[in-house]
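The following exercises concern one protein model, and each task is followed by a solution that proceeds step by step. Please look over the sequence and the structure before reading on.

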Amino acid sequence: MSTPSPPPQRIGLPWPELNDGLEYKDVISSSDSELTTVSDFYFTKYKSSAPLLGWIQRIQNGQIQIDGEVVKDPNTLLRSGSKLVYHRLPWKEPDTPYSLQVLYEDDDLIALNKPSGLQVLPGGLFQQRTVLTQLQWCFGKNDSYTGSRESPHPVPVHRLGRGTSGILLCAKTKLAKTKLAAYFAEGTSLVGSGNLDQECGKGRKLSKIYRALADGIVEEDEVVIKQPIGVVRYPGVAKGLYVASPEGKPAFSKVAVLERDKQKNCTLVKVEIQSGRPHQIRIHLAYMGHPLVGDPLYVAGGQPKCFDPDLVDDDAAFAEDGGYRRPNQAVPGDCGYHLHAHQVELPNLLNTHKVVKIVAPLPPILQTSSETEEKGLSSCK
């Protein structure tokens with residue numbers, strides 16, 4: 001393996017005003033074609049995209065084609081083998097940062113410092129303004145991007161919440177993607193089997209350390225949280241919202257206090273996670289009574305703020321494009337909290353006797369007083 005070359009400082013291209021829209025392609029099976037109308041088909045298959053009235057609006061707007069012909073009658077019956085295409089019109093995605101700092105790069109791996117506010121993979125309103133798009137633009141758009149060393153096209157191998165900043169690992173080859181995915185799955189499988197390690201990352205191939213700013217004063221210097229995380233139905237979240245739940249899947253976090261600020265009533269903590277459940281740190285800190293400062297969604301107990309189950313199925317309200325309106329309640333992608341993936345250690349993918357340690361610079365709000373002072377002194381030299 002060659003010696004890693006000094007990486008470029010940053011990658012990223014400005015976003016265009018509008019994205020390219022989307023195309024959803026389907027082929028009607030014999031079971032789908034039994035007296036099924038085009039509106040019923042889309043509402044049944046893509047219920048999370050729009051209510052029935054929204055799909056009718058899209059059809060009447062000429063956004064659906066059957067076998068290459070635009071269809072505007074929602075009651076058109078479908079035939080087995082018909083090819084359907086739904087054209088989602090281009091739209092302006094919410095303002096999003098685009099510049100990414102490169103922390104580390106070798107032949108197999110690239111580590112980026114993801115800014116808060118940038119989504120990793122396409123989903124919801126963010127179909128273009130994602131880390132994946134920037135990787136495609138900056139490394140060459142190629143459907144077989146993980147299969148070529150000569151023309152690497154990195155792909156993220158894990159997720160960070162949109163509001164979470166810090167280290168994001170991306171694979172440049174199929175082998176790297178497989179190995180990194182196995183490293184991430186290892187800790188979660190250990191937790192699921194009950195083999196919890198109080199030292200958290202000890203003995204694991206990959207260790208992840210986060211910094212977070214928690215609300216209130218955490219009295220204990222160290223806290224181990226083993227609260228399971230499950231899913232509940234929630235408006236605006238098609239697959240459900242992750243919350244603290246006794247019926248959920250096992251999760252394990254170790255929290256260590258770095259600094260307490262009694263004047264601002266907050267605590268700076270280091271968090272090491274052994275499992276990788278979605279929004280795990282946000283949920284676990286909230287569960288112990290110290291949600292992240294500025295978190296618009298999770299409150300003490302690891303539950304959502306202002307949850308009204310009566311609003312889960314509001315099919316009457318839809319936006320201009322026929323899709324669901326953005327819910328009044330906060331959703332997981334909303335930002336405002338302070339959580340940073342600070343350090344990652346993992347074996348060199350081709351020489352496992354060597355360890356790669358990656359560190360993402362800390363935002364000022366997540367630095368201890370001594371770290372801030374040291375930075376100030378070094379800048380004066």
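**Exercise 1.** Determine which strands helix α1 lies across, and at what angle the helix runs to β5.

*Solution.* Helix α1 (residues 38-45) lies across β2, β3 (64-66) and β5, and runs at about 70° to β5. Helices (H or I, at least four residues) and strands (E, at least two) are DSSP runs, numbered from the N terminus. Axes are lines fitted to C-alpha atoms, for helices over the stretch in contact (heavy atoms within 4.5 Å), and angles run from 0 to 180 degrees between N-to-C directions. The model is predicted, with local features requiring pLDDT of at least 70 and side-chain atom pairs pLDDT 80 or more, while totals for chains, interfaces and linings use all residues. Residues are numbered from 1 along each chain as its sequence is written, and side-chain values use heavy atoms, without hydrogens and water.

**Exercise 2.** Work out the order of the strands in the sheet that contains β5, and state which strands form its edges.

*Solution.* The open sheet has four strands in the order β2-β5-β3-β4, with antiparallel pairing, where two strands pair if DSSP finds at least two bridges between them. Its edge strands, each pairing on one side only, are β2 (22-27) and β4 (69-70). Between β2 and β5 (residues 83-88) there are six bridges in the antiparallel sense, and Tyr24 stands opposite Tyr86 in β5.

**Exercise 3.** Establish what share of the residues in the protein is buried.

*Solution.* Of the 381 residues, 48% are buried, that is, under 20% relative accessible area (1.4 Å probe, protein chains only).

Conventions:
Buried means under 20% relative accessible area, exposed over 50%, partly exposed in between (1.4 Å probe, protein chains only).
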